[in-house]
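Please open the structure in your viewer and keep the selection tool at hand, since this tour moves from one selection to the next and says what can be found at each stop.

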Amino acid sequence: MNIWKCDRWKEIYQGHEIRSGLRLRFDTGVDEDVKNALKDFAKYLRKEYIFPIRVPIYVRYTMKIMARDGDLVNGTFLGPYDKLEEPYIRIAVGDYCQEKLKRGKGEAVISYFYVIAHELTHYFQWLNQIEITEIGKERQATRWADIIVKNYIHIKNKEKYVTRCALVNLFPHTKC
């Protein structure tokens, strides 16, 4: 089952007027390369998938975000109990300069795609009322993040947007 295309949500939202879509909101200070890459990724996601209730993604200029349990993480999803209230995602990109120096620009940006896709999988779990354990939710989110990002990179590779060397790091069997 493709959780990103599942439509159990239709019965919840039928007859309700709600805002839909995927939106990005950037903190001041977020690097322009990161903004442009995330905007392009969001454009692709909007074209490929339906976001029946609006989900804003707050892109924070911080090293980490504090989760509800107190852990410092790269991203969080908050899905309200009331399915008619809008959920939201927060991701941290304040470490871009360090990550760019350590791993290269392409890999640093791609890591943010993974965080977004991971948290959006939690959005679709919440949206479609997927009943699995917390460990199962995390595994599913990791698996689908990998699928979504690799599909996006494949499309971008065709457009010559992603460098060959960034792809080699993601797909070791590829030659640079």
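Begin with F26, whose bridge partner in strand β2 is V59, and keep in mind as you look that this is a predicted model. Now widen the selection to the whole of strand β1, residues 22-26, together with strand β2, residues 55-60, and you will see two strands that run parallel and are joined by five bridges. Another pair to pick out here is L22, which stands opposite V55 in β2. As background for this view, strands of a sheet pair through backbone hydrogen bonds, either parallel or antiparallel.

Next, add the strand β6 (88-92) to what you have selected. Strands β2 and β6 pair in the parallel sense, over four bridges, and if you click on R60 you will find A92 of β6 standing opposite.

With β5 (75-78) also selected, the sheet can be viewed as a whole: four strands form an open sheet in the order β1-β2-β6-β5, and the pairing is mixed. Which strands stand at the edges? They are β1 and β5, and because each has a single partner strand, one side of each is left without a neighbour in the sheet. If you look along the sheet, neighbouring strands are turned against each other by 15° on average, when direction is ignored.

Now bring in the helices that lie on this sheet, starting with α2. Helix α2 packs on the sheet and touches β1, β2 and β6, while its direction makes about 170° with that of β1. Helix α4 also packs on the sheet, where it touches β1, β2, β5 and β6, and its direction makes about 20° with that of β5. To follow the chain through part of this arrangement, select β1, then helix α2 (residues 32-48), then β2, which together make a left-handed β-α-β unit.

Hide the strands for a moment and keep α2 and α4, which pack at an angle of about 45° with their axes 10 Å apart. That angle makes α2 oblique to α4, and the crossing of the two helices is right-handed. To see where they meet, show the side chains of D33, V34, A37, L38, F41 and L45 on α2, and those of K105, V109, Y112, F113, I116, A117 and L120 on α4, since the contact is made by these residues. Sorted by class, this contact has 11 nonpolar residues, no polar ones and two charged ones.

Stay with α4, residues 105-127, and add helix α3, residues 96-103, which packs against α4 at an angle of about 130°, with the axes 7 Å apart. Helix α3 is therefore oblique to α4, and α3 passes α4 in a right-handed crossing. On the α3 side the contact is made by Y96, E99, K100 and R103, and on the α4 side by K105, E107, A108, V109, S111 and Y112. Here the classes are four nonpolar, one polar and five charged residues.

For the last stop, select helix α5, residues 134-158, together with α4, and look at how the axes of the two helices come within 8 Å and cross at roughly 130°. Helices α4 and α5 are therefore oblique to each other, and their crossing is right-handed. The residues of the contact of α4 with α5 divide into 11 nonpolar, six polar and four charged.

Terms used:
Residues numbered from 1 in each chain as written. Predicted model: local features only at pLDDT ≥ 70, side-chain atom pairs only at ≥ 80, totals over all residues. Heavy atoms only, no water. Axes fitted to C-alpha atoms, helices over the stretch in contact; angles between N-to-C directions. Parallel < 35°, antiparallel > 145°, perpendicular 65-115°, else oblique. Left-handed = near helix turned anticlockwise from the far one by under 90°. Contact = heavy atoms within 4.5 Å. Nonpolar A, V, L, I, M, F, W, Y, C, P; charged D, E, K, R; others polar. Pairing = 2+ DSSP bridges. Right-handed = clockwise from strand over helix to strand, strands pointing away.
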